[in-house]
Amino acid sequence: MKEKAFLVLESGQCFSGQWLGGEERAGEVVFNTSHTGYEEMATDPSYFSQIIVTTASMQGNYGVDDKVWESSKLWINGFVCLEMQNSRRDSSWLQKLVSHGVPVVDQIDTRQLTLFLRESGTMWGALVRAGDETSALDRAKGLISKGRQLDGDWANLVSRKESEDISGDRVGGPRVAVIDFGCKNNILRELRKRCSKVKIFPSRVSVDEIRQWAPDGILLSNGPGDPALVEKSVETVRSLLGWRFIFGICMGNQILGMALGAKTYKLKFGHRGSNHPVRDKILNRIYVTSQNHGYALDPSSLPEGVIVSHVNLNDDTVSGITCVEKKCWGVQFHPESHPGPHDAEGLFDYFIKQLV
């Protein structure tokens with residue numbers, strides 16, 4: 001017998017569906033417009049504590065492969081779709097989620113839900129089993145309240161706690177230090193192909209630790225949450241400006257911008273998907289990118305000498321900044337893809353060329 005489930009939003013709206021397993025949880029409810037890549041999304045630390053709503057109707061239809069995981073665990077607090085592959089032929093993605101305790105609900109009108117989130121903005125919610133809306137609201141209230149007590153520095157919660165060395169494939173190539181705010185594996189794969197050594201540091205690494213390793217360049221990784229609540233990192237990066245070339249990705253771009261003196265703000269419903277067009281004024285190209293963020297840099301707060309080098313063509317928000325004087329640049333999107341198009345992969349080559 002099918003068990004009734006609800007996605008209860010913090011605003012009080014309830015969306016009914018079918019419970020497929022997992023544990024009742026709360027999280028920030030976000031929608032993703034990618035057609036593929038459910039495994040990469042769920043294992044991306046940037047989705048920490050979030051309930052993913054997929055706008056693509058069918059999920060789980062091409063099975064699972066642990067080789068595409070972007071970290072060692074699932075970070076999401078829920079998975080919502082219109083229809084989950086759950087047949088005698090294949091239910092591997094559903095089983096993977098449930099075995100990790102992730103609540104899964106399908107048969108929700110994801111089109112109506114996505115339109116509501118676009119109109120009302122991103123908010124918290126909870127996935128619960130209940131027979132009616134009244135019971136669902138009662139069960140969700142406590143879950144959401146408890147979830148909101150989480151420490152605000154999400155980057156520190158997902159970051160490595162000890163530094164880690166990786167040998168690169170390119171003998172004689174540069175040494176790159178990575179500050180881990182929730183680094184995806186494919187960023188490290190792209191660096192390993194182009195470097196002799198890569199060292200990954202925790203988000204709260206000190207300036208001295210970075211300088212002692214003597215890297216040729218520094219990469220600031222992606223990560224979850226509000227960049228304004230990340231502790232210590234802005235001051236650390238500010239102290240390193242101009243010393244070595246710095247490349248920021250997503251959260252790394254926001255931390256870099258704040259180190260330069262800019263401010264961030266929360267987007268109404270964020271950018272999450274593999275189909276976001278960007279104008280790149282550095283390479284003089286337009287390409288489609290993979291994006292996953294809820295915050296952006298405020299262009300009016302950029303100090304003198306910092307230019308908007310990349311623009312999101314959907315809404316004209318800042319998709320990248322460059323400061324020649326301080327030897328740094330960053331992009332709000334994901335040149336490492338996974339999931340998504342590889343159009344921007346050449347930005348890693350551009351970064352390495354700056355280190356020669």
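**Exercise 1. Which strands and which helix do the buried residues of H6 pack against?**

Keep in mind that we're working with a predicted model here.

Step 1. Start by picking out the residues: in helix H6, which spans 185-194, the buried ones are Asn186, Ile187, Leu188, Glu190, Leu191 and Arg194.

Step 2. Now look at what they pack against. On the strand side, you'll find E10 (164-167), E11 (175-180), E12 (197-202), E13 (217-220) and E14 (245-249). The helix is H10 (346-353).

Step 3. A bit of background helps when you read the spacing of such a list: an α-helix has 3.6 residues a turn, so residues three or four places apart point the same way.

**Exercise 2. Work out whether Met123 counts as buried or exposed, and what Met123 touches.**

Step 1. Find the residue: Met123 sits in strand E9, residues 123-129.

Step 2. Check the accessibility. The cut-off for buried is under 20% relative accessible area. Met123 comes in at 12%, so it counts as buried.

Step 3. List the contacts, leaving out residues up to four places away in sequence: Leu9, Glu10, Ser11, Gly27, Glu28, Val29 and Phe116.

Step 4. For a sense of distance, take Lys193: Met123 and Lys193 are 70 residues apart in sequence, and their C-alpha atoms are 39 Å apart in space.

**Exercise 3. Decide whether strand E4 is enclosed or open, and say which strands pair with E4.**

Step 1. Count the buried residues. Five of the five residues of E4 are buried, so this strand is largely enclosed by the rest of the structure.

Step 2. Split them by face: Gln50, Ile52 and Thr54 cover one side, Ile51 and Val53 the other, and both sets are buried.

Step 3. Go through the partners. Strand E3 (residues 25-32) runs parallel to E4 and is joined to it by five bridges; Glu28 stands opposite Gln50. Strand E6 (residues 78-80) also runs parallel to E4, with three bridges, and Gly78 is the bridge partner of Ile51.

**Exercise 4. Find out what surrounds the buried Asp44, and which side chain of opposite charge is nearest.**

Step 1. Place the residue: Asp44 is in the loop that links helix H1 (38-43) and strand E4 (50-54).

Step 2. Look for a charge partner. The nearest side chain of opposite charge is Lys184, at 4.4 Å. A salt bridge needs the atoms within 4 Å, and Asp44 has no salt bridge although it is buried.

Step 3. Try polar contacts instead: the side chains of Asp44 and Asn292 are joined by one of 3.4 Å.

Step 4. Finish with the neighbours beyond four places in sequence: Asp44 touches Glu70, Trp75, Lys184, Asn222 and Asn292.

Definitions and conventions:
Residues numbered from 1 in each chain as written. Predicted model: local features only at pLDDT ≥ 70, side-chain atom pairs only at ≥ 80, totals over all residues. Heavy atoms only, no water. Buried < 20%, exposed > 50% of the residue type's maximum accessible area, 1.4 Å probe, protein only. Helix = DSSP H or I, 4+ residues; strand = E, 2+ residues; numbered from the N terminus. Contact = heavy atoms within 4.5 Å. Lys, Arg positive; Asp, Glu negative; His and termini not counted. Polar contact = N/O pair within 3.5 Å; in protein donor to acceptor, adjacent residues only side chain to side chain. Pairing = 2+ DSSP bridges.
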